[in-house]
Amino acid sequence: MGDDGAAVPAGTERLRLRRLTMADVDVLVELDSDPEVMRFLTGGVATPVATVRDEQLPRLLAQYDRHPGLGRWAAHDRESGEFLGWFALDPSEDGTEAELGYRLRRATWGRGLATEGARALVRYAFDSVGVRRVWAETMAVNERSRRVMVKAKLHYVRTFHLQWDDPIPGTEQGEVEYEVRAEEWATVGQERLAARRAR
């Protein structure tokens with residue numbers, strides 16, 4: 001639970017998560033202004049301030065009440081308090097499934113934080129919220145993000161192709177979908193428990 005009693009994932013040893021607020025406009029705009037961060041999303045084009053302030057944040061904040069326990073959370077370094085980016089379990093229309101997402105500042109890359117946060121959110125989604133499926137998508141060429149998905153116990157489902165008005169480099173190789181379902185997660189949990197007992 002967050003300070004206001006709202007459902008928020010516990011975070012990890014290195015990450016503290018909290019709900020987004022309208023005060024986060026500047027840090028979110030800064031995050032989306034890095035061409036490398038946005039490379040596989042917009043081809044490196046920054047998200048305009050007005051889009052973050054008037055469209056994205058109001059939609060994300062409304063999700064908290066509509067689907068308690070799911071949504072998008074700001075991620076901070078647990079020691080320094082520095083804003084690192086965000087993690088998400090974006091809910092399906094009925095809230096029974098969640099799309100795993102993460103976007104971190106380039107300065108944090110290579111430290112395993114995306115994997116650490118993604119694993120924590122998948123565990124939270126099944127063990128605390130009780131969704132039936134967690135899934136994620138990225139461009140097929142985004143190997144770094146695909147590795148995070150696999151390390152978070154999602155498995156490859158399919159490659160598919162979408163039509164874009166302004167395709168970015170790599171679009172021709174398609175998008176990929178990964179998932180893990182509740183019944184698979186239960187098996188993973190039993191295997192983890194058995195491994196701990198065997199030590």
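In the predicted model, Arg39, Arg119, Arg123, Arg144, Arg147, Lys151 and Lys153 together form a positive patch on the surface. Two elements, helix 4 (113-129) and helix 5 (143-151), each give two or more residues to this patch. Helix 5 supplies the largest share, with three residues.

Arg39, a further member of the positive patch, is located in helix 2, which spans residues 39-42. The relative accessibility of Arg39 is 45%; this residue is therefore classed as partly exposed, since that class lies between the limits of under 20% for buried and over 50% for exposed residues. Arg39 also satisfies the accessibility criterion for patch membership, because a patch residue needs over 30% relative accessible area and the value for Arg39 is 45%.

With regard to the overall fold, the chain contains six helices and seven strands. Their order along the sequence is β-α-α-α-β-β-β-α-β-α-β-β-α. The chain has a radius of gyration of 17 Å, close to the 16 Å given by the globule rule for 199 residues, and is therefore as compact as a globular protein of that length. Along the principal axes, the C-alpha atoms occupy a box of roughly 50 × 40 × 35 Å. Buried residues account for 47% of the 199 residues in the chain.

Terms used:
Residues are numbered from 1 along each chain as its sequence is written. This is a predicted model: local features need pLDDT of at least 70, side-chain atom pairs count only at pLDDT 80 or more; totals for chains, interfaces and linings use all residues. Side-chain values use heavy atoms; hydrogens and water are left out. Patches are made of residues with over 30% relative accessible area and no salt bridge: like charges are joined within 9 Å, nonpolar side chains (Val, Leu, Ile, Met, Phe, Trp, Tyr) within 5 Å. Accessible areas come from the Shrake-Rupley method with a 1.4 Å probe; for residues, only the protein chains shown count as cover. A salt bridge is a side-chain nitrogen of Lys or Arg within 4 Å of a carboxyl oxygen of Asp or Glu. Lys and Arg count as positive and Asp and Glu as negative; His and the chain ends are not counted. The place of a charge is taken as NZ of Lys, CZ of Arg, CG of Asp or CD of Glu. Helices (H or I, at least four residues) and strands (E, at least two) are DSSP runs, numbered from the N terminus. Buried means under 20% relative accessible area, exposed over 50%, partly exposed in between (1.4 Å probe, protein chains only). The radius of gyration is taken over C-alpha atoms; the globule rule is 2.2 Å times the number of residues to the power 0.38.
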